[in-house]
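Trainee: Before I use any of these labels in my notes, I would like to go through them with you and ask what each one rests on.
Mentor: Then let us look at the model together and take the labels in turn.

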Amino acid sequence: MSTSPVTAVTPAASALALDHFARRLSLETDCADVHQSFRMGATDFVLLDVRGPNAYAKAHVPGAINLPHRDITPERMAAWPAGTVFVVYCAGPHCNGADHAALKLAGLQLPVKLMLGGMTGWADEGFSFAHGHEPGSVAAAA
């Protein structure tokens with residue numbers, strides 16, 4: 001039997017895989033988890049749409065607050081209590097705005113996760129969007 005491209009490199013030992021995937025999940029979440037959390041009424045994180053205000057007004061994830069990554073400053077982030085967990089997203093996989101935001105937040109010693117897929121991922125899941133300058137809610141957008 002020949003080796004496939006999948007197994008040409010031996011899979012990592014279970015202990016290494018456990019560490020790797022635990023680290024990834026400590027840095028990332030996905031659209032389905034955010035959606036489910038909001039449907040459950042979760043208030044244990046703040047969802048930040050880090051795109052510009054015009055893009056946000058056209059459509060955004062319900063419940064997200066608009067804070068463009070360029071505007072993330074120590075003074076602005078002081079509006080939230082210490083220990084607040086931030087989840088950031090931007091347009092989608094083709095955009096690195098969420099990475100810029102996560103880097104800034106981590107640099108400010110704030111807990112942060114990236115919502116994988118951003119707006120593209122949210123749309124791919126079939127979830128509704130909010131429109132305008134207010135955050136809205138998942139329940140209202142459904």
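**From labels to values**

Mentor: From the N terminus on, the elements of the protein chain run α-β-α-β-α-β-α-β-α-β-α-α, which makes seven helices and five strands. Please keep in mind that this is a predicted model.

Trainee: What makes Thr-29 buried or exposed?
Mentor: Thr-29, which is found in strand S1 (residues 28-30), has a relative accessible area of 15%. Buried means under 20%, so Thr-29 is called buried. Leaving aside neighbours within four places in sequence, Thr-29 is in contact with Val-34, Val-87, Lys-113, Leu-114, Met-115 and Leu-116.

Trainee: And what is the case for Asp-49, is that residue buried or exposed?
Mentor: Asp-49 lies in strand S2 (residues 46-49), and its relative accessibility is 0%, so with the cut-off for buried at under 20% it counts as buried.

Trainee: Why is the link between the side chains of Asp-49 and Tyr-89 called a polar contact?
Mentor: The two side chains are joined at 2.7 Å, and because the limit for such a pair of N or O atoms is 3.5 Å, the link qualifies as a polar contact. Tyr-89 also appears among the residues in contact with Asp-49 once neighbours within four places are left aside, a list including Tyr-56, His-60 and Pro-68.

Trainee: How do you know that the buried residues of H2 line one face of the helix?
Mentor: In helix H2 (residues 31-39), the buried residues are Cys-31, Val-34, His-35, Ser-37 and Phe-38. Seen down the axis of H2, they fall within an arc of 160 degrees, so they line one face. As background, an α-helix has 3.6 residues a turn, so residues three or four places apart point the same way. What covers these buried residues includes S1, S2, strand S4 (86-89), strand S5 (112-116), helix H6 (118-124) and helix H7 (138-141).

Trainee: Which residues have the most contacts inside the largest nonpolar core?
Mentor: That core has 17 residues, and those with the most contacts inside it are Leu-48, Met-77, Trp-80, Phe-86, Val-88 and Leu-105. S2, S4, helix H5 (97-107) and S5 each supply at least two of its residues, and H5 gives the most, with four. Apart from this core lies another, of 15 residues, among them Cys-31, Leu-47, Tyr-89 and Met-119.

Trainee: Why is Cys-31 not in a disulfide with Cys-90?
Mentor: The sulfur of Cys-31 is 11 Å from the closest cysteine sulfur, in Cys-90, whereas a disulfide needs two such atoms within 2.5 Å, so the pair is too far apart for a bond. Cys-31 is nonetheless buried, at 3% relative accessibility.

Trainee: Then what about Cys-90 and Cys-95, why is there no bond there?
Mentor: Here the sulfur of Cys-90 is 3.1 Å from the closest cysteine sulfur, in Cys-95; with the limit at 2.5 Å, this is too far as well, so the pair is not called a disulfide. Cys-90 is buried too, with a relative accessible area of 4%, and a search of the whole structure finds zero disulfides.

Trainee: How many of the residues in the protein chain are buried, as a percentage?
Mentor: Buried residues make up 35% of the 142 residues.

Conventions. Residues are numbered from 1 along each chain as its sequence is written. This is a predicted model: local features need pLDDT of at least 70, side-chain atom pairs count only at pLDDT 80 or more; totals for chains, interfaces and linings use all residues. Side-chain values use heavy atoms; hydrogens and water are left out. Buried means under 20% relative accessible area, exposed over 50%, partly exposed in between (1.4 Å probe, protein chains only). Contact means heavy atoms within 4.5 Å. A polar contact is a pair of N or O atoms within 3.5 Å; within protein, one must be able to donate a hydrogen and the other to accept it, and residues adjacent in sequence count only if both atoms are side-chain atoms. The arc is that of the directions from the helix axis to the C-beta atoms. A nonpolar core is a set of buried Ala, Val, Leu, Ile, Met, Phe, Trp, Tyr and Cys residues joined through side-chain atoms within 4.5 Å.
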